[in-house]
Amino acid sequence: KIQFFSIHHLQGRTGNASYAMGAFDGEVLVAAMSFSKQRGTGAIELSRYCTDGKSYAGIFSRLFKHSITKFDFDEVLSFSDNRYSEGDVYEKNGFSFDGEIPVDYRYVIGDSTAHKSNFTKEKISKRFGLDMSFLTERQAMDLLRYPRIYDCGKKRWVWRKNNLAK
């Protein structure tokens with residue numbers, strides 16, 4: 001299932017999937033959903049969902065319902081990226097809107113992007129041998145000619161088991 005995300009998800013695979021669920025058409029995987037435990041909080045996050053590029057009516061709902069039953073989740077977090085979605089699929093599946101995440105950035109590295117956490121002052125110093133005592137992260141990355149690319153913000157969604165009783 002991890003390779004499926006690398007091929008079909010906009011962000012590729014996630015490195016820390018704790019749980020995954022797939023939908024098959026015969027022997028062929030056509031949709032997948034993965035969950036991970038967030039660092040620090042331990043909260044369960046629906047971190048990836050994608051199909052093989054085709055539209056399958058109700059597949060998100062079926063995968064999600066099967067996952068929360070099988071893995072007995074009490075609460076699930078997820079995020080919709082404002083570049084691609086308003087998060088309708090979450091609202092339709094019992095998630096509650098929990099807030100806006102401000103615009104953020106990544107660095108362009110060749111033909112892909114990398115999360116800013118890979119480029120802290122300490123990591124830049126180790127990776128590129130730069131003296132960071134008088135440089136900011138931004139100054140160093142500009143010097144190295146790695147441009148920033150900004151997103152459009154995200155929405156945070158929360159699903160809670162106790163909301164089902166209401």
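## Exercises on side-chain contacts

The side chains of R156 and D98 form a salt bridge, with N and O 2.1 Å apart. The model is predicted: local features need pLDDT of at least 70, side-chain atom pairs count only at pLDDT 80 or more, and totals for chains, interfaces and linings use all residues. Residues are numbered from 1 along each chain as its sequence is written, and side-chain values use heavy atoms, with hydrogens and water left out.

**Exercise 1. Place the R156 and D98 pair in the chain, and state how exposed each residue is.**

Step 1. Recall the rule: a salt bridge is a side-chain nitrogen of Lys or Arg within 4 Å of a carboxyl oxygen of Asp or Glu.

Step 2. Find the elements. R156 lies in strand β9 (residues 154-160) and D98 in strand β5 (residues 96-101). Helices (H or I, at least four residues) and strands (E, at least two) are DSSP runs, numbered from the N terminus.

Step 3. Find the separation. The two residues are 58 residues apart, so the pair links distant parts of the chain.

Step 4. Check exposure. Buried means under 20% relative accessible area, exposed over 50%, and partly exposed in between (1.4 Å probe, protein chains only). R156 has 24% and therefore counts as partly exposed. D98, at 38%, is partly exposed too.

**Exercise 2. Describe the salt bridge between K126 and E122.**

Step 1. Take the distance: N to O is 3.4 Å.

Step 2. Locate both residues. They lie in helix α4 (residues 121-128), 4 residues apart, about one turn of the helix.

Step 3. Check exposure. K126 and E122 are both exposed.

**Exercise 3. Classify the ring pair of Y19 and F73.**

Step 1. Apply the rule. Rings of Phe, Tyr and Trp (its six-membered ring) pair if their centres lie within 6.5 Å; planes under 30 degrees apart count as stacked, over 60 as edge-to-face and the rest as tilted. The count comes to 16 aromatic pairs.

Step 2. Use the geometry. The centres of Y19 and F73 are 5.2 Å apart and the planes stand at 80°, so the pair is edge-to-face.

Step 3. Locate the rings. Y19 is in strand β1 (residues 17-25), while F73 is in the loop between α2 (59-70) and β4 (75-81), 54 residues apart.

Step 4. Compare exposure. Y19 is partly exposed at 24%, whereas F73 is buried at 4%.

**Exercise 4. Classify the ring pair of F71 and F73.**

Step 1. Their centres are 5.6 Å apart and their planes at 35°, so this pair is tilted.

Step 2. Both F71 and F73 are buried.
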